[in-house]
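Notes from a session at the screen. I wanted to look up a few helix, strand and loop details and jot them down as I went.

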Amino acid sequence: MGPMKLGFGLYRHMLTPENFAFAHQAGATHLVAHLVDYFRGGGGGGDQPTGTDRGWGLAGDPYRLWTVDELVALRRDVEAAGMVLEAIENFDPAHWHDILLDGLRRDEQVAKIRQIIRNVGAAGIPIIGYNFSIAGVAGRTRGAYARGGAESVGMEGPYDKPMPRGMVWNMVYDPGAPDEPEAPATPEQLWDRLRRFLADVLPVAEEAGVILALHPDDPPLPTVRGQPRLVYQPILYQRVIDLHPSPANRLEFCVGSLAEMSEGDVYEATETYARQGRIGYVHLRNVRGKVPHYKETFIDEGDVDVFRVLRILRDNGFTGVIVPDHAPQMTCGAPWHAGMAFAMGFLRAAMMAVEAAG
Ligand SMILES: [Mn+2]
């Protein structure tokens with residue numbers, strides 16, 4: 001097991017040999033790969049999607065599941081760059097929209113997700129991160145929010161413009177859907193959808209040797225676009241754990257999202273869930289403020305004491321991967337890369353210091 005590990009996350013269009021080399025040069029020993037193309041169709045823009053009322057972009061091909069061959073090829077490319085492929089982050093709305101919406105194709109899509117989980121396991125990739133959310137990561141704004149006017153994302157008030165049909169998880173899966181709002185689920189219905197999903201897929205995940213790690217809601221509000229959300233307070237993560245006892249039922253523990261929540265305490269939450277051994281991997285970024293008014297900041301400003309979070313993870317036996325999640329863009333020729341390199345350098349030093357302190 002050993003110490004905590006520093007990883008790096010890359011969006012689909014960034015899965016290149018150059019970016020693998022960049023990640024390893026910045027200190028990453030592990031990689032988290034996004035296979036959903038959030039930017040397809042041009043809705044989102046940039047290297048950190050915010051999108052429009054029509055979301056980030058178009059979902060992928062419902063009939064093309066990620067194959068063992070392409071997953072193995074990706075793992076080998078990451079290994080050739082000197083790292084371990086730790087996780088695939090997020091399912092494609094094209095593959096599971098009716099699981100989130102409880103639509104007519106739900107059972108067919110459960111079969112697809114089961115197959116994807118089997119494929120990921122067969123390819124030797126240990127974790128799938130996912131975000132069980134109807135509206136998804138919607139309602140964020142972009143501005144000169146971080147130190148020195150660096151551009152980052154945040155929220156400037158609630159976002160409850162109704163979500164149209166044909167959309168879920170802030171992407172469009174059916175561009176021909178009627179132009180009318182998707183009927184809102186109740187919170188109870190949404191929790192029941194997650195419960196049924198976990199019951200249907202966790203036995204397959206266990207058999208495949210894959211951990212499913214749930215991201216909390218981002219932004220963490222009780223509703224976004226009029227649709228309920230699951231984990232918008234730290235205590236609600238416990239409800240996810242208690243839904244299913246499988247050791248494959250874990251958390252994609254996003255410290256930034258937890259810090260944005262209106263209740264609870266990010267340090268107490270870190271201790272509670274690390275102690276239970278339920279953290280699959282960690283997103284570690286910093287933020288100022290709470291929903292519905294917060295701003296993402298550089299890793300060394302903002303409200304979160306990152307050293308304190310790392311000490312709590314270490315003290316509770318967490319030996320998994322920590323990735324920097326998002327970072328503000330820095331003013332230079334490579335704004336995204338510079339911002340991420342700054343976060344990586346800070347995290348590398350902080351993790352070394354915390355581990356050395358014993
Ligand atoms: Mn996150």
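**Entry 1: a helix pair.** I started with how α9 and α10 sit against each other, bearing in mind that this is a predicted model. Helix α9 covers residues 306–315 and helix α10 covers residues 335–357; they pack at an angle of about 50°, with their axes 10 Å apart. That angle is neither under 35 degrees nor in the 65 to 115 range, so I wrote the pair down as oblique. I also checked the handedness: α9 passes α10 in a right-handed crossing. From α9, the contact uses V306, F307, L310, R311 and R314, and from α10 it uses A350, M351, V354 and E355. Sorted by class, that contact comes out as 6 nonpolar and 3 charged residues, with no polar ones.

**Entry 2: strand β15.** Next I asked myself: is β15 largely enclosed or not, and how many of its residues are buried? The strand spans residues 293–297, and 4 of its 5 residues are buried, so I noted β15 as largely enclosed by the rest of the structure. Then I looked up its partners. Strand β14 (residues 286–290) pairs with β15 in the antiparallel sense over 5 bridges. I found K290 standing opposite H293 of β15. The two strands make a hairpin, with 2 residues between them. Strand β6 (residues 150–156) also runs antiparallel to β15, and 3 bridges join them. There, M155 has Y294 of β15 as its bridge partner.

**Entry 3: I125.** I moved on to a loop residue. I125 is in the loop between α4 (106–122) and β4 (127–130). Buried or exposed? I counted 23 C-beta neighbours inside 10 Å, and the cut-off for buried is 20 or more, so I125 goes down as buried. Ignoring neighbours within four places in sequence, I get contacts from I125 to L71, R75, L85, A87, I88 and V120. I picked out L85 from that list: 40 residues separate it from I125 along the chain, yet their C-alpha atoms are 6.3 Å apart.

**Entry 4: the barrel.** Last, I traced the strand order. I get 8 strands closing into a barrel with parallel pairing, in the order β1-β2-β3-β4-β9-β12-β13-β16. The twist averages 30° from one strand to the next. I zoomed in on one step of it: β4 and strand β9 (residues 211–214) run parallel and are joined by 4 bridges. On that seam, I127 has I211 of β9 as its bridge partner.

Methods:
Residues are numbered from 1 along each chain as its sequence is written. This is a predicted model: local features need pLDDT of at least 70, side-chain atom pairs count only at pLDDT 80 or more; totals for chains, interfaces and linings use all residues. Axes are lines fitted to C-alpha atoms, for helices over the stretch in contact, and angles run from 0 to 180 degrees between N-to-C directions. Angles under 35 degrees count as roughly parallel, over 145 as roughly antiparallel, 65 to 115 as roughly perpendicular and the rest as oblique. A crossing is left-handed if the near helix is turned anticlockwise from the far one by less than a right angle, and right-handed if clockwise. Two residues are in contact if their C-beta atoms, placed from the backbone, lie within 7 Å. Ala, Val, Leu, Ile, Met, Phe, Trp, Tyr, Cys and Pro count as nonpolar, Asp, Glu, Lys and Arg as charged, and the others, Gly among them, as polar. A residue is buried if 20 or more other C-beta atoms lie within 10 Å of its own, exposed if 12 or fewer, and partly exposed in between; C-beta atoms are placed from the backbone. Two strands pair if DSSP finds at least two bridges between them.
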